[in-house]
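Subject: Structure for your review

Dear colleague,

Please find below the structure that I am handing over to you. I should be grateful if you would read the notes beneath it with the model open.

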Amino acid sequence: MTRPGAYDVIVIGAGHNGLVAGAYLARAGRSVLILERREQVGGILADASISPGAKVPALVHTVGRLRPTIVRDLALERHGLHTIRPDVRVCAPQPEGPALTLWSDVARTADGVRVRSPRDAAAYPAFDARVRAFASFLDHLFAAAPPDIQQPKREDAVAALRFGRLFRRLGTKAARDLLRVLPMPVADFVSEGFEGDGLRGAVAARAVQFTAMGPWTAGTTAVLLSDSAGNDGGASGQTVFPRGGPGALAEALGAAARSFGAQVRTGVDVTTVTTRGERVTGVVLDTGEEVTAGAVASAADPKETLLRLVDPELLGPTLRWRASNIRMHGCTAKVNLVLSGVPKFLGVDSEENLRGRIVIAPGIDYLERAADAAKYGRMSAQPYLEATIPSLVDPSLAPEGHHVMSVIAQWTPYRLRAGTWESEREGVGDVVVKTLEGYAPGLSNLITARQVMTPIDLEREFGLTAGHVLHGEPGLDQIFAWRPLMGFARYRMPIGGLYLCGSGAHPGGGVTGAPGANAAREILRDLKRLRWRRARA
């Protein structure tokens, strides 16, 4: 069955990037249809209800990387988005002594660090300023499409000149330093700044979250700096909670898209991207319905888009082989807890310190050992964890007297050397609780409900190939002009009218909205050119 009437653009997937792309396209006056396999929009922004009255983030728990320009352009606050920005960014409990606390106030952070290391306290403000300067340059880089390296055009030359001017503004010393540190392992980068292993681990942890890389992997410094691009993160990273849970951001994005005229359909799965000749004509749904459009933008990951939705004959064997080799080995699990009270962490003297991200990463070697376990197909008995207790800042998320805890467990490999995730799922929850209890004695006695999601579960629930939250490793060979593949980094896929607008596209994963916004800009540019050519013909 064919749906009457064609759309200008069909967007596959109503995750945050799909909604951002659809909203921008509709805002520009294009007719847009956004299709979502799940029953609600938002993708990884979904909320989970694991006990009556308790709402916990299903996967991501903070949204501090969302670009302010997107919030402004799409009027998200008018559509119900309200954010909470606690003063504390990170609380990193240590095996001995007081916990390390990183605040939004750099001076306050330095004062707290002084207890452990006067040298690190003196170095912290300069390190933070250095991260911010580098991240500011990357922010400009991330807001534009990468250049066409194989067939550069005039617009690529203009963009290169603009980036060159921005690069020179860093100053000769800082510019050389940026080129030096980008390919560095984050372990080396933080070791240049600090002597304390606890502070090194707390800062470096953001460089490996949601990846299969360890702190000694080349290029992880670029991941750390990217995480601070476009936001107020600095060395500590950003911590922002949407009031009402991450699902509230998804609802605001959906409302914004609809307000501009985009249509959103949920509970429908796209099975095929249809083509005529070498150009897309629309999509076919799992119901057999065919919907036509002049362009299709996929917010699914690149493997899902190229290997499942596109006719193999159009790609050819070489391109299919290249797409199949995109590194996308999920290494993240999620554990959600409902608690009957606030856990007491060792070395933490106030609940205020627990309102940000609670990071279990007491040193670089700790992180590397946990990553090593995943290399051999198993989960470490001492994993890196990032937890939040969002009900401390938003009591509406839990029944009175209770709290919800959201825990991201790193380096749980998609493919296990022994056993299956079906049999090992609850074992992940046990390891996470045991690890947390080493820093918060008595935690297990507070747990009234628990949910565990392995990489296999993330693949099934959110359509993440191999359970990779970022739609592909952000390694040196899969960023910028190489994301997702060399020759296809400008959002345009190898079939005319097919675009990639999800986290698998430049500038990569995380709740930034940048891939969706950038792709929408390129789609609008192409549609304008196509209309001009047809008018001339």
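The notes that follow deal with charged residues, aromatic rings and one helix residue in turn.

Please bear in mind throughout that this is a predicted model.

I begin with D394, which is placed in the loop between β15 (385-388) and β16 (403-410). This residue is buried but has no salt bridge. The nearest side chain of opposite charge is that of R243, 4.3 Å away; a salt bridge requires the nitrogen and the carboxyl oxygen to be within 4 Å, so D394 and R243 are not counted as one. D394 does have polar partners: a polar atom of its side chain lies 2.6 Å from the backbone nitrogen of G244, and its side chain makes a polar contact with that of S396, also at 2.6 Å. Leaving out residues up to four places away in sequence, D394 touches I84, P242, R243, G244 and G245.

Salt bridges do occur elsewhere, and the structure holds 31 of them. R89 and D232 form one, with their closest N and O atoms 3.0 Å apart. This pair links distant parts of the chain, since R89 is in strand β6 (residues 88-92) and D232 in the loop between α9 (220-227) and β8 (241-242), 143 residues apart. R89 counts as buried at 3% relative accessibility, whereas D232 counts as partly exposed at 38%.

A second link between distant parts of the chain joins R119 in helix α4 to E195 in the loop between α7 and α8, 76 residues apart. Their side chains meet in a salt bridge at 3.4 Å, N to O. R119 is exposed, with a relative accessible area of 58%, and E195 counts as partly exposed at 40%.

The salt bridge between E304 and R308 (2.4 Å, N to O) lies within helix α11 (residues 302-309), where the two residues are four apart, about one turn of the helix. Both partners are partly exposed: E304 at 21% relative accessibility and R308 at 36%. In addition, salt bridges with shared partners join R492, R521, E522, R525, D526 and R529 into one network.

Turning to the rings, the count comes to five aromatic pairs. The ring centres of Y124 and F194 are 6.1 Å apart and their planes are at 25°, so this pair is stacked. Y124 belongs to helix α4 (residues 118-142) and F194 to the loop between α7 (186-193) and α8 (197-204), so the pair ties together parts 70 residues apart in sequence. Y124 and F194 are both buried. F127 and F194 form a tilted pair, 4.6 Å centre to centre with 50° between the planes. F127 also lies in helix α4, so its pairing with F194 ties together parts 67 residues apart in sequence. F127 is buried as well. Y124, F127, F189 and F194 form one aromatic cluster.

Two arginines are placed over rings. R108 lies over the face of W103, 3.4 Å from the ring centre, and the charged end of R162 sits over the ring of F163, 5.4 Å from its centre.

Finally, L19 in helix α1 (residues 16-27) is buried, with a relative accessible area of 0%. Leaving aside neighbours within four places in sequence, L19 is in contact with A14, I34, V41, G42, A250, L253, G254 and A257. Its C-alpha atom is separated by 8.9 Å from that of A299, 280 residues apart along the chain.

Yours sincerely

Technical notes:
Residues numbered from 1 in each chain as written. Predicted model: local features only at pLDDT ≥ 70, side-chain atom pairs only at ≥ 80, totals over all residues. Heavy atoms only, no water. Buried < 20%, exposed > 50% of the residue type's maximum accessible area, 1.4 Å probe, protein only. Lys, Arg positive; Asp, Glu negative; His and termini not counted. Polar contact = N/O pair within 3.5 Å; in protein donor to acceptor, adjacent residues only side chain to side chain. Contact = heavy atoms within 4.5 Å. Phe/Tyr/Trp six-rings, centres within 6.5 Å; stacked < 30°, edge-to-face > 60°. Lys NZ or Arg CZ within 6 Å of the ring centre and 35° of its normal.
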